[in-house]
Amino acid sequence: MSDALNYLLEARPEAMKAYFTFLKRSGDHLDIRTRDLISVITKVAVQTEGGFRQYLTRALRNGATPNEVIDALLMAFPVLGLAKIVWATEILLDMDIPEFRPENLGAEPTWREVAAVDDLPMEEVAWFEVDGRHLFVYRTGDDIRVYDSRCPHQVTDIPHLALEGKRLTCPKHHWAFDIESGECVEVGNRPLRRFEHKIENGRLLARW
Ligand code: FES
């Protein structure tokens with residue numbers, strides 16, 4: 001929440017709580033994806049970049065597909081107009097979310113080879129680039145965890161230089177993650193996205 005909203009919550013708690021209750025309850029009869037897509041469109045309508053990035057991230061996390069986001073933008077043409085749709089598309093391009101790349105639109109999840117298991121350091125974090133996506137891989141004993149490098153806040157691609165030991169800090173708004181558990185341990189409140197994985201013939205595969 002912004003400093004301004006925090007201030008208003010403190011200065012006018014009753015009015016602001018009523019406002020937030022209204023926002024929460026006004027979509028009671030919509031499924032979550034529809035609600036999220038409408039929220040995304042409202043941020044495009046008022047051209048709030050931070051809000052757009054955040055609501056888009058939430059929509060994707062709750063199951064909206066890139067094709068649905070694009071459809072929602074285009075369907076809102078009568079109220080948004082082309083300029084705002086282009087504005088949102090430029091932000092999408094800047095975010096460079098792998099699922100939005102034209103070759104990935106509508107693609108089904110598939111298994112991808114990451115590395116030889118023997119090449120994974122024990123109790124340390126390794127960083128990989130696989131099919132245009134960056135991954136952090138942590139191995140301890142028989143347990144392997146494969147994390148998306150994209151921040152759960154606004155999908156920033158967290159660079160491997162942001163890693164200090166087992167702590168990963170997103171450079172954008174400083175959400176910090178414990179790479180052993182994937183949990184957010186400072187500033188934010190959502191964990192890193194973890195990919196399903198398996199081992200075949202001594203090779204680590206991950207699926208997305
Ligand atoms: S994008 Fe905001 S903390 Fe990572």
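# A first walk through a predicted chain

Biologist: What share of the residues in the chain is buried?
Modeller: Glad you asked, and please keep in mind that this is a predicted model. The chain has 208 residues. Buried residues make up 38% of them.

Biologist: How many helices and strands does the chain have, and what does its C-alpha trace span along its principal axes?
Modeller: The chain has 6 helices and 10 strands. Along the principal axes, its C-alpha trace spans about 55 × 40 × 30 Å.

Biologist: What part of the contacts with a separation of 6 or more comes from residues 24 or more positions apart?
Modeller: Here we look at the chain's contacts with a separation of 6 or more. Of these, residues 24 or more positions apart account for 50%.

Biologist: And the surface: how much area does the chain expose, and what share do carbon and sulfur atoms supply?
Modeller: The chain exposes about 12100 Å². The share supplied by carbon and sulfur atoms is 53%.

Biologist: How far apart do the centres of the positive and negative side chains lie?
Modeller: There are two sets to consider, 26 positive and 33 negative side chains. Their centres lie apart by 6 Å.

Biologist: Let us turn to helix 5. Why are its buried residues said to lie on the same side?
Modeller: In helix 5, which runs over residues 66-75, Pro 66, Val 69, Ala 72 and Leu 73 are buried. They share one side of helix 5 because, around the axis, they cover an arc of only 125°.

Biologist: Which residues are exposed on the other side of helix 5?
Modeller: We have just met the buried side, with Val 69 and Leu 73 among its residues. Across from it, on the other side of helix 5, the exposed residues are Leu 74 and Met 75.

Biologist: Which helices do the buried residues of helix 5 pack against?
Modeller: Leu 73, one of those buried residues, gives us a detailed view. Leaving aside neighbours within four places in sequence, Leu 73 is in contact with Ile 41, Val 44, Leu 80, Ile 85, Ala 88 and Leu 92. Taken together, the buried residues of helix 5 pack against helix 3 (32-45), helix 4 (49-61) and helix 6 (77-95).

Biologist: Which helix gives the most residues to the largest nonpolar core?
Modeller: That core has 22 residues, and the ones touching the most other members are Val 44, Phe 52, Leu 56, Leu 73 and Leu 80. Helix 3, helix 4, helix 5 and helix 6 are the elements that give two or more residues to this core. The one that gives the most, with 7 residues, is helix 6.

Biologist: How many residues are in the second, separate core?
Modeller: Among its members are Val 114, Ala 115, Val 137 and Leu 204. The size of this second core is 15 residues.

Biologist: Does Trp 208 count as buried or exposed?
Modeller: Trp 208 lies in the segment after strand 10 (203-207). Not counting neighbours within four places in sequence, its contacts include Glu 108, Arg 112, Val 130, Leu 135 and Phe 195. The cut-off for buried is under 20% relative accessible area. Trp 208 has 12% relative accessibility, so it counts as buried.

Biologist: Where are Gln 47 and Asn 201, and is each of them exposed or partly exposed?
Modeller: Gln 47 has a positive phi of about 50° although it is not a glycine, and Asn 201 likewise has a positive phi of about 50° without being a glycine. Gln 47 sits in the loop between helix 3 and helix 4, while Asn 201 is found in the loop between strand 9 (194-200) and strand 10. With 38% relative accessibility Gln 47 is partly exposed, whereas Asn 201, at 78%, is exposed.

Biologist: How far apart in space are Cys 184 and Thr 169, C-alpha to C-alpha?
Modeller: Cys 184 is in strand 8 (residues 184-186), and its relative accessible area of 16% makes it buried. In sequence, Cys 184 and Thr 169 are 15 residues apart. In space, their C-alpha to C-alpha distance is 9.3 Å.

Biologist: One last residue: which residues does Leu 60 touch, not counting those up to four places away in sequence?
Modeller: Leu 60 is in helix 4 and counts as partly exposed at 23% relative accessibility. With sequence neighbours up to four places away set aside, Leu 60 touches Thr 65, Pro 66, Val 69, Ile 97 and Phe 100.

Technical notes: Residues numbered from 1 in each chain as written. Predicted model: local features only at pLDDT ≥ 70, side-chain atom pairs only at ≥ 80, totals over all residues. Heavy atoms only, no water. Helix = DSSP H or I, 4+ residues; strand = E, 2+ residues; numbered from the N terminus. Buried < 20%, exposed > 50% of the residue type's maximum accessible area, 1.4 Å probe, protein only. Contact = heavy atoms within 4.5 Å. Areas by Shrake-Rupley, 256 points an atom, 1.4 Å probe, with all protein chains shown as cover. Lys, Arg positive; Asp, Glu negative; His and termini not counted. Charge placed at Lys NZ, Arg CZ, Asp CG, Glu CD. Arc of directions from axis to C-beta. Core = buried A, V, L, I, M, F, W, Y, C linked by side-chain atoms within 4.5 Å.
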